[in-house]
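Trainee: Could you take me through one part of this model in detail? I'd like to look closely at a single sheet and whatever surrounds it.

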Amino acid sequence: MQQALMLKYIISFLVLAVSFSGFSQAKDTLTYKSPYGLRLGIDISKPILGMIDSNSSGIEFVADYRISKNWYIAAELGNQKERTVEDYTTSTAKGNFIKIGLNYNAYKNWLDMNNEIYVGMRYGTSLFDQTLDSYRINTGSDYFVSNTTTTPLSSTDLDAHWTEFVLGIKVETFKNLYLGFSFNYKIMLSLKHPQNFKTLYVPGFNRVFDTETGFGFNYTISYTIPFVNK
Amino acid sequence: MNKNILYIFLFAFIFSACEKDDICLSPTTPKLILRFYDTTDQTAIKSVPNLSIWAEGKDTLTTFKNVSLDSVYLPLNTNTSQTVYNFKTSETGNIADNKYNKITINYTTEELFVSRSCGLKSIFNTVTITSDNGWFQSFTPNSITTIDNATSAHVKIYH
């Protein structure tokens, strides 16, 4: 439902953006101009991972907007559901996330190329539910085998806030169409845990390590709607 | 400046790549620790010869099968609120000299989360211990508010 609404927003924004961009025609000059505009895309790694691994499913949309020669305002938003299977517990986290920040393109382009090697920072937040699907008491001995409790214990409206450092590349493969890969390292700022359990996975943050850090990557296909060429 | 950022990334990645939360190293469900003392000199530790221990209706604990020890640790059944243990000793090792004692431990369990890899543990509250006064002369205490660690003996047994 929320995803559909989000999609609607993006599409209507897209239509609006196209109508605004009009039919400006660039004249040939000796200096190469590069497009400024809104770039929208999707992370294709999450649906693929979802097909391979039945424990995970999710979708992520990416967007960035060029504000100067090397700087972009960037955002990712999406929805994820992940089942975490450990020796003594099985739990599921699901919810929405959004990340907003800046990218700095450190790549000097040749001629009219529009490729990027960028570093970036994000602020990320997620609103999610966590369910302890089943667990077995760790008795530290196999003399008495403990029963498995399969009554799910749900905790709703948990939230997480984190910062993210991004390193990535974007390559223009066709006119205005980009393939991108990025890797990120996250540090948790605040995280809510369920009562008598722990948040082991946060949508958008992925696995929460003991040190409250995390890793992620995405593989994106995105399209730039050029507003102007500067 | 850009190079520095790359180095920071690399460092962060290398150092956080080795995480230790995959192996359970924290203490989990505590075991009941018994220590054996001499009934005549109640400060002196006295080991039990040829000791075997088993829970009612189960096989003998592999770690406590015909051993001579002055302290033992026993798992409590977390699925129930009672565990019954049998203790067998023999001064000489001959079957004819076998002496038996049975203790009944009643408790309530409380489940506590430990960590990702350790999962949840149980601790035992309002523990009461009764003995059928076989070869145990006496023991102390016969009730414990909570058993939440296995760092020292919970019960002293005099024999």
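Mentor: Let's fix one term before we start: two strands count as paired if DSSP finds at least two bridges between them. Keep in mind, too, that this is a predicted model.

With that in hand, here's the sheet. In chain B, four strands form an open sheet in the order β4-β1-β10-β8, and the pairing is mixed. The edges are held by β4 and β8 (138-140) of chain B; each has a single partner strand, so one side of each has no neighbour in the sheet. Ignoring direction, neighbouring strands of this sheet are turned against each other by 25° on average. In the middle of that order, β1(B) and β10(B) run parallel, and their pairing covers four bridges. If you want a spot to zoom in on, F36(B) sits opposite I157(B) of β10(B).

Now put the sheet back into its chain. Chain B has 10 strands and one helix, and the helix comes at the N-terminal end of the series, which reads α-β-β-β-β-β-β-β-β-β-β. Of the contacts in chain B with a separation of 6 or more, 54% are between residues 24 or more positions apart. Buried residues account for 23% of the 159 residues in chain B.

Next, the packing. In general, nonpolar side chains tend to be buried together in soluble globular proteins. Here, the largest nonpolar core has 21 residues, and L32(B), L34(B), L74(B), L76(B), I105(B), V127(B) and I157(B) are those with the most contacts inside it. Several strands supply at least two residues each: β1 (32-37), β2 (48-55), β4 (71-74), β5 (82-89), β6 (99-115), β7 (119-131) and β10 (155-158) of chain B. β1(B) gives the largest share, four residues. Apart from this core there is another one, of nine residues, including A93(A), W162(A), L200(A) and F205(A). Back in chain B, V127(B) is a good residue to click on: leaving out residues up to four places away in sequence, V127(B) touches I105(B), Y107(B), S143(B), I144(B) and I147(B).

Now follow the chain out of the edge strand β8(B). The loop between β8 and β9 (143-147) of chain B holds P141(B), and the peptide bond joining T140(B) to P141(B) is cis, with omega about -10°.

There are also two backbone angles to check. N50(B), in strand β2 of chain B, is not a glycine, yet has a positive phi of about 45°. N50(B) counts as partly exposed because it has 18 C-beta neighbours inside 10 Å. The other is N133(B), in the loop between β7 and β8 of chain B; its phi is near 50°, again a positive value in a residue other than glycine. N133(B) has 12 C-beta neighbours inside 10 Å and therefore counts as exposed.

Last, the partner chain. The contact between the chains takes 27 residues from chain A and 27 residues from chain B. On the side of chain A that touches chain B, the elements giving two or more residues are β5 (116-136) and β7 (153-174) of chain A. By class, that side of chain A has 13 nonpolar, 10 polar and four charged residues.

Note on methods. Residues are numbered from 1 along each chain as its sequence is written. Chains are lettered from A and ligands numbered from 1 in the order in which they are written. This is a predicted model: local features need pLDDT of at least 70, side-chain atom pairs count only at pLDDT 80 or more; totals for chains, interfaces and linings use all residues. Two residues are in contact if their C-beta atoms, placed from the backbone, lie within 7 Å. Ala, Val, Leu, Ile, Met, Phe, Trp, Tyr, Cys and Pro count as nonpolar, Asp, Glu, Lys and Arg as charged, and the others, Gly among them, as polar. A residue is buried if 20 or more other C-beta atoms lie within 10 Å of its own, exposed if 12 or fewer, and partly exposed in between; C-beta atoms are placed from the backbone. A nonpolar core is a set of buried Ala, Val, Leu, Ile, Met, Phe, Trp, Tyr and Cys residues joined through C-beta atoms within 7 Å. Axes are lines fitted to C-alpha atoms, for helices over the stretch in contact, and angles run from 0 to 180 degrees between N-to-C directions.
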